[in-house]
Structure formats: structure tokens, C-alpha cells
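Let's take a look at this one together. Keep the picture open while you read.

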Number of protein chains: 2
Amino acid sequence: MARPTPLLKDELDIVIPTIRNLDFLEMWRPFFQHYHLIIVQDGDPSKQIKVPEGFDYELYNRNDINRILGSKASCISFKDSACRCFGFLVSKKKYIFTIDDDCFVAKDPSSKDINALEQHIKNLLSPSTPYFFNTLYDPYREGTDFVRGYPFSLREGVQTAISHGLWLNIPDYDAPTQLVKPSERNTRYVDAVMTIPKGTLFPMCGMNLAFNRELIGPAMYFGLMGDGQPIGRYDDMWAGWCCKVICDHLGYGVKTGLPYIWHSKASNPFVNLKKEYKGIFWQEEIIPFFQSAVLSKEATSVEQCYRELAKQVREKLSNVDPYFSKLADAMVTWIESWEELTSNKIVAGGVKASSGGVHHANGPTTKVASPLPPPPAVVEELGSPAA
Amino acid sequence: MARPTPLLKDELDIVIPTIRNLDFLEMWRPFFQHYHLIIVQDGDPSKQIKVPEGFDYELYNRNDINRILGSKASCISFKDSACRCFGFLVSKKKYIFTIDDDCFVAKDPSSKDINALEQHIKNLLSPSTPYFFNTLYDPYREGTDFVRGYPFSLREGVQTAISHGLWLNIPDYDAPTQLVKPSERNTRYVDAVMTIPKGTLFPMCGMNLAFNRELIGPAMYFGLMGDGQPIGRYDDMWAGWCCKVICDHLGYGVKTGLPYIWHSKASNPFVNLKKEYKGIFWQEEIIPFFQSAVLSKEATSVEQCYRELAKQVREKLSNVDPYFSKLADAMVTWIESWEELTSNKIVAGGVKASSGGVHHANGPTTKVASPLPPPPAVVEELGSPAA
């Protein structure tokens, strides 16, 4: 039987930050094999990351990041999964799916393997409804609709920018909750996708996340975390707050719910506490800041919105900690890098087919999957994305 | 084995608007039998409504409503399920659960009967989280919690005022959707309860609804619908919009999701269209009105909030249709009735035990369940609640 062409095969990149061999891809092979992967190798660039054969991928290590971005590489975190946003930057595709390398294929209640990517694509390709709550959840899903009392003028919805997926098994808890409930596991499959209403912030987790890069890419910056920074594990949260405020301003939708992945292992709560503890009290000021952030009418592009937000971060959060001035600088550097690479894209548009590499002049470590067995595994454990 | 005392047995009334014999209670017996029922009989008061034996109830027909409220009875709708709010008014309990008489016990995915009332009580007794979205849904539920990035200062939540339950089988669609999708059935059991965020309106359905009467009762007015009114089927919507704005203002939570009931029969879409059609275009102006409604700092009680809202309805919606002036009047009449009966409550506080009746001086048709078989069924079908 002929299999249908995978959805958005040539319009989506899968971005994976990692410090280890990507054996986890074996389980995802039926769902990922037709897509292009962008692997962002964190930590020691001399280590070699093994990728199972048959995948089409490009891999960037720290040397590649430094070479491609030059002095602007300072905006890309090191020894933290925040480095994944470099993959968003160098992608030329319209859609991104990003997943952690400790996430496996989950099963739905009928024991069927969940094609997480396919569900994300469905979420992104159907509208969102941020202006009014539909009590039967996603009204565009087969077998459901808008309920009585839902204004007809709002039933076309808006474009969806972000699809936030969830996790079975190990829930995405902070260190204090991990410490208090070390053996809590998420076993509940909630069969729903919903739009997060306009004006409401949410904790966006980067573990299982997809987005429309053309709509919101420039705001998908994961901040300064990890090596040399006073904080970790707030990379995706930061991106989520910025993105939500900008989506609300520009009228784009953010969905959460399905698909689930199977999150295989809990990170060390003691290590996490060390990374998080400043964030735990900073967020008490950061969240009110984002809740009250207003962007100007003149900010009609994501880039403009992001620059305005960077300015407000500098003005209003620097008193919380000098770190936020540095972060505001990095936000500007990020958006400059984005604009630079996006304009490059136009110039270098036709070259991509040759090997899957980007920016050939200063090319990354581009690899085409080999039928030969890959070199032995190299493991690095220090302070890196999936630790 | 000794069964535990039902939750809130003496603190909750079940309010049922009806035009027919309440045979549907048979199926609910295991869950409702220990609770007191308030039955609001719509339509012809000379008809006799049969209640299965063994239930403790009081029943009010139109004559009772007129006698108890006098001239203020004009605020209670006739020939429309909106009349149910009279039951909220005469209740003396802290909590209300209201259900339609075409709603049966649904089964969860493990085929177990769902105790809808118990789930509503759980929802009402646990806090809500209107200020920040928790991606794993109700954080107070067993086996789950707040996720990483959820501000700790918000984890105590706020008091829950409303629990909005859902429907398996016949979904609560408007007439146009019923006409377009006559055979669509809701078969998806979404195992979640969530708080509707602050600032977001939702379509509140009165079919399967519980609330804390002390917190929000005075705003739970179902408007002027049915006989003599230009509109129907917007009673619960109206109450929902008013309640949500007031809950947001006073800092109370509104939850939706579990429990499901089994909604047995679709109402006639042609009849519904006739009732709804004005509402379908009015709501395009009503919803922006509620979305932008601001209550003053001085409004610190539900009653004060409700009076302010009535004033704003008169000022801002009367230009949509003169009906809204009448509705604003009725809102004031309702709140006056509420205040009047609430003060009566204090005076007549000790009498209730004698027969379950309320306001003995001008008492309702109060009945104590009889072990004898009740009189034969009387059916009335015109324009009434569960038609």
C-alpha cells in the first residue's frame, strides 16, 4: 500500500539540542525519517555525536555557532538546552518541531503509538481561538464544533503560531516540586487541544514544541542560560512569555495539549535547584512584567515587537538583577542575527539542495546519513541540555 | 460496609427546572438521594409533576413564584428554563447544583457511572487558578501539580465560584450548528478540569452546572426569556457572562471540564432557531460589551457589582434593542428580590426543619416524599425548559 507523503515534509525542520548519541531517534524513525533534522550539539565540540543511519541531518557544534555568528555568537547559550534556538535561526523552513533527546514515543489510551509530529502539524495548520473560550476544546477537530453562545464572528479563528505538546511519565516540574514529589508520574492522557486565551501567560516547555517560524520565529529566543550565567532552566519559559505577549499583540494563536511524548527520565532535582533558584524568585517579578507589557501600534512585525520588548526588559527588569541588562543586550543581538541570516537566506536561496548544509561559505558540520555504522558513542554529562 | 456521608449533604440544593415527570431522577438516585431538591415547575401550574418516591424536595410552580415574589415575579421567566434561577433565589444553602431533566448519568472510559455531583463538589471545594495557565490542567488534582515556571505566589489559587460541567452524546450546539450537523454526537471524554483564565469569557451552559451560592449567587440570574420575550436559549449565556465579569472583578475562579452528564435528546433546531435568532446577532455586540465592562473599586460585593452591571447594560446595550432596558430593569428587580429573601432568611431561619418548605407564611407547594406511588404522569410540551 502506498503511504501518503508526510505532511509538510519539505517545510519543516526538526531541531534537537543534545550532548549525546541520538539513539532515541530509532524509536521516532517511522515518524521523523522523511524530515530534515537540525542537531545543535552542546558542550565540548570535539566530541562526536552519533546519529542513527538513514536520517537526513545537519549538525552544529559550538565551533560552528561561533564561526557562523562571529561576535554575535554570545547570544547563544552554552551548556544549556537554550542553545536549541540556534537551530531555529539557521533553519530555512516555515515550521519547526523541537524535541529533547530523552523524549520517546508515547502511547494513546488504545496503546497506539502517538505520532507527535503529525499532531503538532495539525495543531499548527488549523486556526486558534484566543478571544473566547470554547468549552468543547478545539472546535476544528473532527466530531466537535463551537458550542451555543460562541460568537459567529469569531469562528474563523486566527493563525496558529505555536503548538505546545505535553508529557506522559515524568512531568515537567520545577526542582522544589521534584524534591517534594520525587515519584509522581503523569499517567493521565487528556484528549484535548486548546487555545490559550489572549492575555493569559503560560509556562512553555521546550521539550515537545512546534511553531510557525515565519509567524513567530524571531521571538523564539531561549535567552542566556547555562555556562557563565546565573540561571538555567528558564530558557523555554522566557521564550514562552515573550512569544505569548507578541502573539497576543499580533493576533496569533497559541495551543496546548496534544500531542504527548513519553518523557523518560527525571533530571537531578538538586542540580535543577541550583540552576533554578534565582528564577524562582525572579519569576515573581518577571511574570507581572509580561502580564502588563504593552507593545506599540507601530510594532507590526515580530522583529519590531521583539525589539520593543528588549527595551522594556532593560528598563523594567534591570532593577531586579543586572542579568536582565545583559539579557536585553542578548535579545537585541539575537534579533540582529535573525535579520542577518534571514537576508542571507534570500541571497543563498538556491544552494541548499547540494547537501542539506546552510551558509556554505562558513558552513556547519554537515553530514549526510551514512549506511556505515557510526563511530562509538561519546558521552558528556556536564550541565548540558538533557542532563 | 458503612457508606461515607455524602459530601455537603446539608449544604447543597439540587435545582431542577421542569415541565414533566421527573423519571430521570431514578437514574440519579444513588447520587442524589441524600440531597434536597428544589423543583421549579415551568408552564401550566395546574399540571402535576410526578417525582419518584424517596426524594426530599420542594416544588414551586408559577403560582408559588407569583405569590412569593409578588410584583417582582416579573423578573422570573415563564416557559423557559431560565425559570430555574427562582430555585437559586429560594435556596438557603451554600451550594447549588442545577441539572436539566433530559440529562442522565454518563459513563467514564472505564464504563463506570460518573457521579457528576461529587465531581462538581470537588471542583467547588478546591481552588481555581485564573491568573496563569497550568498546562497540566487542574494542579490540585491527585497525581498532578503546578508545572515548572508556574509562579509560587499564585499556587494557593483563589476560591472557586462556579463549576461548569460538560455533556456526552448531544453537544450543546446552537440552532445553525444543529441544522448543519444534525447527527454529530460528543463521544470524547476529556479527562480534565481547568480554570477559565481571568479576562476570558466563555459560553456557560445551565444544563450541568454548580456554583457557590454565597460567593456568586446574586449574579446567577438567567434573564428574561421565553413567554413574552423576543429571545430564548440565552438565559445561561447571560448568567455566564455576568458571572464571569463579576468573578474576575472579585477574584473568584470559574472551572470547566469534568463532570460529564449524558445529554439524551437534541431539542428541535427549528424551534431553537426561532428562539435564538436575535441572540445570534445581538451576541456580536453583547460579548464586546462584557469583554470591556469595568466595575468600580467600590463594588466589593456581588450585589453591588450586579447593580453596576445592570446600569451599564441599560446605558450601553439599550441601543442594540429596547429589550435590554427591560432586561436591565429585571436585573435590578432580581437583585432586590435576592436581598429581600436573603434578609427574610435570617428572620425565618429556624423553621425549615418542619417540612423542608421555605417561606412558610406564603409557602410553596412543599412535598415530602411519600412511600405511596405518585399520581399519574402529566405531560406538557409547549415552549418549556427541556423541550
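## A helix tucked inside

Start in chain A of this predicted model. In helix α4 of chain A, the buried residues are Ala116(A), Leu117(A), Gln119(A), His120(A), Ile121(A), Asn123(A) and Leu124(A). That makes seven of the ten residues in the helix, which runs over residues 116–125, so the rest of the structure largely encloses it. "Buried" here means a relative accessible area under 20%.

Now hop over to chain B. Its helix α4, residues 116–125, also has seven of its ten residues buried, so this helix too is largely enclosed by the rest of the structure. The buried ones are Ala116(B), Leu117(B), Gln119(B), His120(B), Ile121(B), Asn123(B) and Leu124(B).

## How the two chains pair up

What rotation puts chain B on top of chain A? A turn of 180°, with 0.0 Å of shift along the axis, does the job, and the RMSD is 0.0 Å. This is how a two-fold axis relates two copies. Looking for a landmark by that axis? In chain B, the C-alpha of Val190(B) is the nearest one, 2.8 Å away from the axis.

As for where the copies touch, 100% of chain B's interface residues are interface residues in chain A as well, so the two meet through the same surface.

## A spot on helix α2

Last stop: Asn66(B), which sits in helix α2 of chain B, residues 62–69. Its relative accessible area is 35%, so Asn66(B) counts as partly exposed. Along the chain, Asn66(B) and Glu308(B) are 242 residues apart, and 27 Å separates their C-alpha atoms.

Methods
Residues numbered from 1 in each chain as written. Chains lettered and ligands numbered in written order. Predicted model: local features only at pLDDT ≥ 70, side-chain atom pairs only at ≥ 80, totals over all residues. Heavy atoms only, no water. Helix = DSSP H or I, 4+ residues; strand = E, 2+ residues; numbered from the N terminus. Buried < 20%, exposed > 50% of the residue type's maximum accessible area, 1.4 Å probe, protein only. Least-squares fit on C-alpha atoms with pLDDT ≥ 70 in both. Contact = heavy atoms within 4.5 Å.
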